[in-house]
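I opened the model to look up the sheet first, then what packs on it, then the nonpolar cores. My entries follow in that order.

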Amino acid sequence: MKPISDFPRIAMGHLPTPLEPMPRLGAEIDCASLYIKRDDCTGLAIGGNKTRKLEFLVGEALEQGAHTLLGFGALQSNHARQTAAAAARVGMRCRLVLLDLVQYREPAYDVSGNLLLDQLLGADVQIAKNDTEAAAAARRVMEEESAAGRKVYVIPTGGSNAVGALGYVECARELIAQSEELGFSIDTVITGTSSAGTQAGLVAGFAALGAEVRVLGINVYKPDHAALEAVLAGLVDEVTSKIEIPKVAKSALQVRHEFLGDGYGIPTEGMHEAVGLLARSEGILLDPVYTGKAMAGLITLVRDGELGTRADGDGRAIVFLHTGGTPGLFAYRDALSRQEND
Ligand SMILES: *Cc1c(COP(=O)(O)O)cnc(C)c1O
């Protein structure tokens, strides 16, 4: 394996993030050994999984002499918010093209949550109604920046290319080291998957270590299941060749699709239950778009006996990767306060 220290990187996260047991949730859903990896605590402007990716992306941007980061995402993108914070942190400009595509709406969605924070963090925000408008906005940004003599570093949606995914190759190493220190072994890591860099990095990272850890992605993004799996497979191949390890077997790429509901960013009953259950059993805040649905998947799979049953007997742990997203709670105020009254 090529050493991770060979790749340019700017330290921005509070790492390692904690790996903690969730005994009260475990008792509630009857899961013998349940842990949470707190990547919501990466520290960069409320944190989240994009911080680890941005350490490598911004490292490469600075190495290339770029002045401006150009990022893409949905209106309530956590990635956009962390990109804006990373740019501020290293003194770069940040320009964001945000797609207004989520079919769920309430007044707070357009003004609060991540969008409010993007503006506070000093990013220039362009809002596009569709892909054509987004492409035109990106072209305009490129022209404006180059007319001003500034070099632009373009970050793909979700920071998910082989460079960004290096952050999760590192996270896999961190998880193995922490679980060894705590004296348990990991059976499965569960994570929400959208642009797939997180899952791809973890899969490659565990493979690089020869660690037999299953990574289970919960699709929170694409109704087209095959398309999501193809993106994941392509990205895993890119990461394994970047870090110079053998290709990973297709059987290591596992995604469950049934927790997406009506689509990206659209609340589901399972999400409502998961967000409430984590808050009340562990004092942990999830988010409505990613971790709420990922946790709904974990809860259902445990209840159905597919995951983490005591009958497994070998005591290997289930680890939920908390990928962040908490600012999204405030953009879904109406959806979530309905739950309070249930
Ligand atoms: C982006 C994001 C994810 C998904 O990560 P990918 O690497 O894009 O698959 C999960 N959770 C949160 C909170 C996110 O912001």
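In which sense do strand 3 and strand 6 pair, and over how many bridges? I looked this up in the predicted model. Strand 3, residues 68-74, runs parallel to strand 6, and I find 3 bridges for the pair. Within this pairing, Leu 70 has Val 154 of strand 6 opposite.

Next I traced the whole sheet. It is open, it has 4 strands in the order 5-4-3-6, and the pairing is parallel. At the edges I note strand 5 (124-128) and strand 6 (152-154); each has a single partner strand, so one side of each lacks a neighbour in the sheet. From one strand to the next I read an average twist of 25°.

Then I checked two helices against the sheet. Helix 3 (residues 78-90) packs on it and touches strand 3 and strand 4 (93-99), with its direction at about 170° to that of strand 4. Helix 5 (residues 131-147) lies across strand 3, strand 4, strand 5 and strand 6, and I note about 165° between helix 5 and strand 4.

Last, the cores. The largest nonpolar core counts 75 residues, and the most contacts inside it belong to Met 22, Ile 29, Met 295, Leu 298, Phe 320 and Tyr 332. Helix 10 (residues 291-303) gives the most to this core, 7 residues. I followed Tyr 332 further: neighbours within four places in sequence aside, its contacts include Val 102, Tyr 104, Tyr 109, Pro 267 and Pro 288. Another core, of 28 residues, lies apart from the largest one; Val 203, Val 215, Leu 235 and Leu 253 are among its members.

Technical notes. Residues numbered from 1 in each chain as written. Predicted model: local features only at pLDDT ≥ 70, side-chain atom pairs only at ≥ 80, totals over all residues. Heavy atoms only, no water. Pairing = 2+ DSSP bridges. Axes fitted to C-alpha atoms, helices over the stretch in contact; angles between N-to-C directions. Contact = heavy atoms within 4.5 Å. Core = buried A, V, L, I, M, F, W, Y, C linked by side-chain atoms within 4.5 Å. Buried < 20%, exposed > 50% of the residue type's maximum accessible area, 1.4 Å probe, protein only.
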